[in-house]
Amino acid sequence: MTTDPNCPMCGTVADLHAADRPDLVWRFPHSVAFVGPWQFYTGYCLLASRAHATELSQLGPNRAAFLNELALLAEAIEACFRPQKLNYELLGNLVPHLHWHVFPRSADDPERLQPVWIALERAKTDPAEKRRLETGTVPPDEVRARLRAWLTAHNAPTT
């Protein structure tokens, strides 16, 4: 794994690789999946590249494998939580390291037609909104357990 000492996501990926953390879902060969903090979107996960890169084009021959791992994580989220839609975000403006946000969206989400970032921005200044968005219908440990069970049952590649 290549890392950048100035990249906060590299430290997160290295930490997830080194020790089991409560938010760790799966260690794929080219990425690491973990449960995200905003569980109002039940099953929300992040998938971070093991190699430091800021753009997909920098992954070279590993790009397809990284994207396949994203698709496998998405399949697990769909199977475990049955969202109406998945939203995928690969931004990198704030954290310049390849990482996907996978947000499951439900039919009863009152803001289902809006990007999640609008609500997340409100959570920065509104403690009640922050609590609402951090609290889902399924506890994070159970989210992780369901996803791990699905990935194990479907022989997901791991390291």
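Let me begin at one edge of the sheet, where strand E1 and strand E2 (residues 31–35) run antiparallel and are joined by three bridges, strands being DSSP runs of at least two residues and helices H or I runs of at least four, numbered from the N terminus. In this pairing, Trp-26 stands opposite Ala-33 in E2. Please keep in mind that this is a predicted model, in which local features need pLDDT of at least 70 and side-chain atom pairs count only at pLDDT 80 or more, while totals for chains, interfaces and linings use all residues. Residues are numbered from 1 along each chain as its sequence is written, and side-chain values use heavy atoms, with hydrogens and water left out.

The open sheet has five strands in the order E1-E2-E3-E5-E4, with antiparallel pairing, where two strands pair if DSSP finds at least two bridges between them. Strand E1 (24–27) and strand E4 (85–89) each have a single partner strand and stand at the edges, so one side of each is left without a neighbour in the sheet. On average, neighbouring strands of this sheet are turned by 20° against each other, direction ignored.

Moving inwards, E2 is joined to E3 by five bridges in an antiparallel arrangement, and Val-32 has Ala-48 in E3 as its bridge partner. E3 also pairs with E5 in the antiparallel sense, over four bridges, with Leu-47 opposite Trp-100 in E5. Five of the five residues of E3 are buried, so this strand is largely enclosed by the rest of the structure; buried here means under 20% relative accessible area, with a 1.4 Å probe and protein chains only. Cys-45, Leu-47 and Ser-49 point one way from E3, whereas Leu-46 and Ala-48 point the other way.

Now to the helices, for which contact means heavy atoms within 4.5 Å. Helix H2 (residues 63–81) and helix H5 (residues 140–153) pack with their axes 9 Å apart, at an angle of about 115°; the axes are lines fitted to C-alpha atoms, for helices over the stretch in contact, and angles run from 0 to 180 degrees between N-to-C directions. Residues making this contact include Leu-72 and Phe-81 of H2, and Val-143 and Trp-150 of H5.

Finally, which residues of helix H3 (residues 116–123) are buried? They are Val-116, Ala-119, Leu-120 and Ala-123, and seen down the axis of H3 they fall within an arc of 100°, so they line one face of the helix, the arc being that of the directions from the helix axis to the C-beta atoms. Among the elements covering them are strand E5 (99–105) and helix H4 (127–134).

Notes:
Buried means under 20% relative accessible area, exposed over 50%, partly exposed in between (1.4 Å probe, protein chains only).
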